[in-house]
Amino acid sequence: LYLRRTVGMELGGDPGDARDALAQIAEGNLTYPVPATAYPDSLMQGLVRMQQSLRQLVGEVRHSTDSITTASSEIAAGSQDLSARTESQASALQETA
């Protein structure tokens, strides 16, 4: 009985639930509802913390990707503008010569 209780506290839930949660997270499903537990140092609570950290990390990567996309578009637009002005100045210079 003591061993069963200790293992239960360490796991924080059913081992099958932990396996299912791990499989879902490994497949990229960060919205899978990991069962809550009353044991803060348990495996299940560790899974909850890992899932939350991964969600935050993915959110930060998405935000950074959006920023890079915006900056790339602005650079491309600036490059096209510069190219057009350079061509215009070259054309004006040829007319002057």
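Here are four short exercises, each with a worked solution, on the predicted model shown above.

Before you start, note that residues are numbered from 1 along each chain as its sequence is written. In this predicted model, local features need pLDDT of at least 70 and side-chain atom pairs count only at pLDDT 80 or more, while totals for chains, interfaces and linings use all residues; side-chain values use heavy atoms, with hydrogens and water left out.

**Exercise 1.** Find out how many helices and strands the protein chain has, and how spread out the chain is.

*Solution.* Start by counting: the chain holds 3 helices and 0 strands (DSSP runs, H or I of at least four residues for helices and E of at least two for strands, numbered from the N terminus). Along the sequence this reads α-α-α. Next, compare sizes: the radius of gyration (taken over C-alpha atoms) is 28 Å, well over the 13 Å from the globule rule (2.2 Å times the number of residues to the power 0.38) for 97 residues, so the chain is more spread out than a compact globule. Finally, the C-alpha trace spans about 100 × 20 × 15 Å along its principal axes.

**Exercise 2.** Decide whether helix α1 lies in the open or not.

*Solution.* Helix α1 covers residues 2-11. Count its buried residues (buried means under 20% relative accessible area with a 1.4 Å probe, protein chains only): of 10 residues the number is 0, so α1 lies largely in the open. Just after α1, look at G12, which takes a positive phi of about 80°.

**Exercise 3.** Work out the surroundings of A18.

*Solution.* First place A18: it sits in helix α2, residues 15-26. Then check its exposure: A18 is buried, at a relative accessible area of 5%. Leaving aside residues up to four places away in sequence, A18 touches L43, M44 and L47 (contact means heavy atoms within 4.5 Å). M44 is 26 residues from A18 along the chain, yet their C-alpha atoms are separated by 6.3 Å.

**Exercise 4.** Describe how α2 and α3 pack.

*Solution.* Begin with the geometry: α2 and α3 (residues 43-96) pack at about 15°, with axes 10 Å apart. Angles under 35 degrees count as roughly parallel, and α2 and α3 are therefore roughly parallel to each other. Now list the partners: D17, A18, A21, L22 and I25 of α2 meet L43, M44, L47, M50, Q51 and L54 of α3. Sorted by class, this contact has 9 nonpolar, 1 polar and 1 charged residues.

Terms used. Buried means under 20% relative accessible area, exposed over 50%, partly exposed in between (1.4 Å probe, protein chains only). Axes are lines fitted to C-alpha atoms, for helices over the stretch in contact, and angles run from 0 to 180 degrees between N-to-C directions. Angles under 35 degrees count as roughly parallel, over 145 as roughly antiparallel, 65 to 115 as roughly perpendicular and the rest as oblique. Ala, Val, Leu, Ile, Met, Phe, Trp, Tyr, Cys and Pro count as nonpolar, Asp, Glu, Lys and Arg as charged, and the others, Gly among them, as polar.
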